[in-house]
Amino acid sequence: MRAWVIGAMAVAGATLYGPTAVSPSFAITLEEAAGSYRVADNSQIRFSVDQVGGGGIAGQFATFTGTLQLNAADPSRSVVVFDLYPESVSTGQQRIDDFLRSAAVFDTAHYDVVSFRSIDVRLTGPDTAVVHGIVTARGKSAEADFDVALTGEGPGSLQFRVTGDIMRSPFGMEVGTPIYSNVVRFDMQLETMRR
Amino acid sequence: MRLRNDREGYGSVSIGLHWLIAIVFLAEILLGVAMTRILPETAVATFWAYQWHKSFGLLLLFLSALRLVWVLVETRPVDLTGHGSALAAGVVHRYLLFAPILIALAGWIIVSVSPLAIPTFAFNLVVVPHLPLVPGDEAERRAIAVHRWLAYGTAIIVAIHIAAALMHQFLWRDGTMTRMLPRRRQSAGNDR
Ligand code: HEM
Ligand code: HEM
């Protein structure tokens with residue numbers, strides 16, 4: 001049986017498996033794809049926060065680690081683990097970066113990691129899934145969903161686009177609302193390499 | 001209640017605007033000092049201090065523009081001193097009519113040219129657009145310098161203005177202070 005895989009990850013990530021789906025661009029079977037992957041450094045972890053009157057803050061995190069365990073027998077039990085280091089935030093504005101690192105937002109002096117741990121993975125299409133899990137930042141945790149789409153595959157690698165909206169308030173990071181939206185929009189391009 | 005001025009004294013509009021502007025002006029100086037020199041640079045409280053400073057500063061711009069229009073259409077009460085201070089008072093009052101407007105415009109220019117592009121959401125109610133200027137670090141530094149020197153310079157003039165008011169009241173006892181006070185106090189203080 002030819003199965004179509006898509007996986008995913010990051011502050012999201014996952015895998016999915018549509019046994020009957022036909023996805024002409026990705027000719028990799030789940031059996032072939034199953035296994036353990038790590039998120040490569042050339043992945044892009046972008047985020048944006050809207051502001052009143054249009055525009056907003058956009059930036060990225062340069063330092064992160066992550067793994068993906070693609071489960072062939074039951075893709076919904078695939079596991080995504082992702083950690084990002086908010087110290088590595090950059091928006092193109094030093095003063096904004098300093099503010100984001102400060103106790104007003106990430107408080108990197110006391111909390112150096114923002115983590116995501118998946119709970120389950122739900123297939124939503126031949127190449128797409130929703131990864132449900134827990135985000136922990138500043139010592140507080142909240143559930144979150146990320147949409148994952150398989151965007152490419154190569155020898156020993158899978159690429160995913162991962163998007164998701166995270167509320168700031170559950171983590172005590174709501175400074176600036178309502179001038180700045182409570183919602184942080186993540187848009188990540190993940191390059192995963194077989195381990 | 002008398003709204004308009006006459007040759008002898010101020011109407012309620014002039015009096016109300018004067019004290020409203022005086023209170024907000026002094027609060028703006030205190031907020032400006034607190035947010036730039038006392039509070040930590042990166043803190044939730046500092047962020048909000050800046051936003052309140054912008055909101056009240058723009059309110060002051062509005063009130064001062066209103067007062068300027070009012071003064072232009074209104075009778076100016078005659079000076080009560082009878083000595084040389086009338087000219088000084090005239091110059092100071094004219095300066096104080098324009099100063100808050102200039103300071104607030106300079107503040108508005110700061111936030112408009114700041115590369116941080118932080119929106120001005122006055123009192124979390126009204127988005128006040130940035131002025132159509134080209135942002136840049138250098139432009140921001142210059143606008144801050146103008147805003148700062150105008151603000152502190154005016155604070156010194158206001159201190160002189162307050163000292164003069166107190167002298168009129170306690171030294172010369174010429175009624176200059178009482179005619180700027182709310183009307184109830186005026187009658188209580190004057191002829192009752
Ligand atoms: C709390 C301190 C203040 C006191 C005690 C005070 C007192 C007075 C008094 C007694 C007058 C009447 C002068 C006269 O009739 O010849 C006056 C007029 C005036 N004051 Fe003040 N003042 C204060 C703060 C301010 C501030 C902060 C400003 C401006 C930012 C200001 C601007 C003016 C102006 C423009 C006039 C001319 C009258 C008018 O156009 O309304 N004053 N003030
Ligand atoms: C008449 C009204 C105002 C007064 C008296 C005033 C006064 C001040 C003072 C005393 C400071 C501290 C300067 C320093 O020590 O460096 C300050 C800073 C500042 N003001 Fe105002 N201000 C007024 C209106 C405004 C308005 C309307 C805005 C913006 C819409 C504004 C924006 C700012 C900003 C952004 C700073 C910080 C500059 C920095 O980063 O150093 N101000 N203001």
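This report describes the two iron sites, the strand pairing, the salt bridges and the chain contact of a predicted model.

## Iron sites in chain B

Two histidines of chain B, His18(B) and His161(B), are the protein donors of the iron atom of ligand 1. Each binds through NE2, and the donors lie 1.9 to 2.0 Å from the iron. The six donor atoms around this iron atom subtend angles of 87 to 179 degrees, and the arrangement is therefore octahedral. His18(B) belongs to helix H1 (residues 12-38) of chain B and His161(B) to helix H4 of chain B, so that the pair links parts of the chain 143 residues apart. With a relative accessible area of 15%, His18(B) is buried, because the cut-off for a buried residue is under 20%.

The iron atom of ligand 2 is coordinated by His53(B) and His147(B), again through NE2 atoms, at 1.9 to 2.0 Å. Here the six donor atoms subtend angles of 86 to 180 degrees, which makes the arrangement octahedral. His53(B) sits in helix H2 (residues 44-73) of chain B, and His147(B) in helix H4 (residues 137-172) of chain B. The two residues are 94 apart in sequence and link distant parts of the chain. Both His53(B) and His147(B) are buried.

A further histidine of helix H4 of chain B is His168(B). Its relative accessibility is 8%, and His168(B) therefore counts as buried. Beyond its neighbours within four places in sequence, His168(B) is in contact with Thr81(B), Ser85(B), Arg173(B), Asp174(B) and Thr176(B).

## Fold and strand pairing in chain A

Chain A contains 13 strands and two helices. Of its 195 residues, 53% are buried. Among contacts in chain A between residues at least 6 apart in sequence, 61% join residues at least 24 apart.

Strand S3 (residues 35-39) of chain A pairs with two other strands of this chain, S6 and S13. Four bridges join S3 to strand S6 (residues 64-70), and the two run antiparallel. Within this pairing, Ser36(A) has Gln69(A) as its bridge partner in S6(A). S3(A) is also joined to strand S13 (residues 183-194) of chain A, by three bridges and likewise in antiparallel direction. In that pairing, Val39(A) stands opposite Thr192(A) of S13(A).

## Salt bridges

Over all chains the structure holds eleven salt bridges. Side chains of opposite charge can pair when their charged atoms come close. The table lists some of the pairs.

| Pair | N to O distance |
|---|---|
| Arg185(A) and Asp50(A) | 3.2 Å |
| Arg161(A) and Asp187(A) | 2.6 Å |
| Arg2(B) and Asp6(B) | 3.2 Å |
| Arg95(A) and Asp137(B) | 3.9 Å |

Strand S13 of chain A carries a residue of the Arg185(A) and Asp50(A) salt bridge. Arg185(A) lies in S13 and Asp50(A) in strand S4 (residues 44-50) of chain A, so this pair ties together parts that are 135 residues apart in sequence. Arg185(A) has a relative accessibility of 39% and counts as partly exposed; Asp50(A), at 34%, also counts as partly exposed.

S13 of chain A also holds Asp187(A), whose salt-bridge partner Arg161(A) is in strand S12 (residues 157-167) of chain A. These two residues are 26 apart in sequence, and the pair links distant parts of the chain. Arg161(A) is partly exposed at 39% relative accessible area, and Asp187(A) is partly exposed at 27%.

In chain B, Arg2(B) forms a salt bridge with Asp6(B). Arg2(B) counts as partly exposed at 31% relative accessibility, as does Asp6(B) at 27%. Elsewhere, in chain A, salt bridges that share partners join Glu87(A), Asp98(A) and Arg101(A) into one network.

## Contact between chain B and chain A

The contact takes 17 residues from chain B and 16 residues from chain A. The area buried between the two chains is about 1,400 Å², and carbon and sulfur atoms give 72% of this area. On the side of chain B, Thr42(B), Leu116(B) and Pro119(B) supply 37% of the area that chain B buries against chain A, more than any other three residues.

Two salt bridges are found across this interface. Arg95(A) forms a salt bridge with Asp137(B), with the closest N and O atoms 3.9 Å apart.

Technical notes
Residues numbered from 1 in each chain as written. Chains lettered and ligands numbered in written order. Predicted model: local features only at pLDDT ≥ 70, side-chain atom pairs only at ≥ 80, totals over all residues. Heavy atoms only, no water. Pairing = 2+ DSSP bridges. Donors = N, O, S within 2.8 Å, 3.2 Å for Na, K, Ca; no water. Tetrahedral: all angles 85-135°; square planar, octahedral: opposite > 155°, others 65-115°. Buried < 20%, exposed > 50% of the residue type's maximum accessible area, 1.4 Å probe, protein only. Contact = heavy atoms within 4.5 Å. Buried area = accessible area lost by both parts, 1.4 Å probe. Salt bridge = Lys/Arg side-chain N within 4 Å of Asp/Glu carboxyl O.
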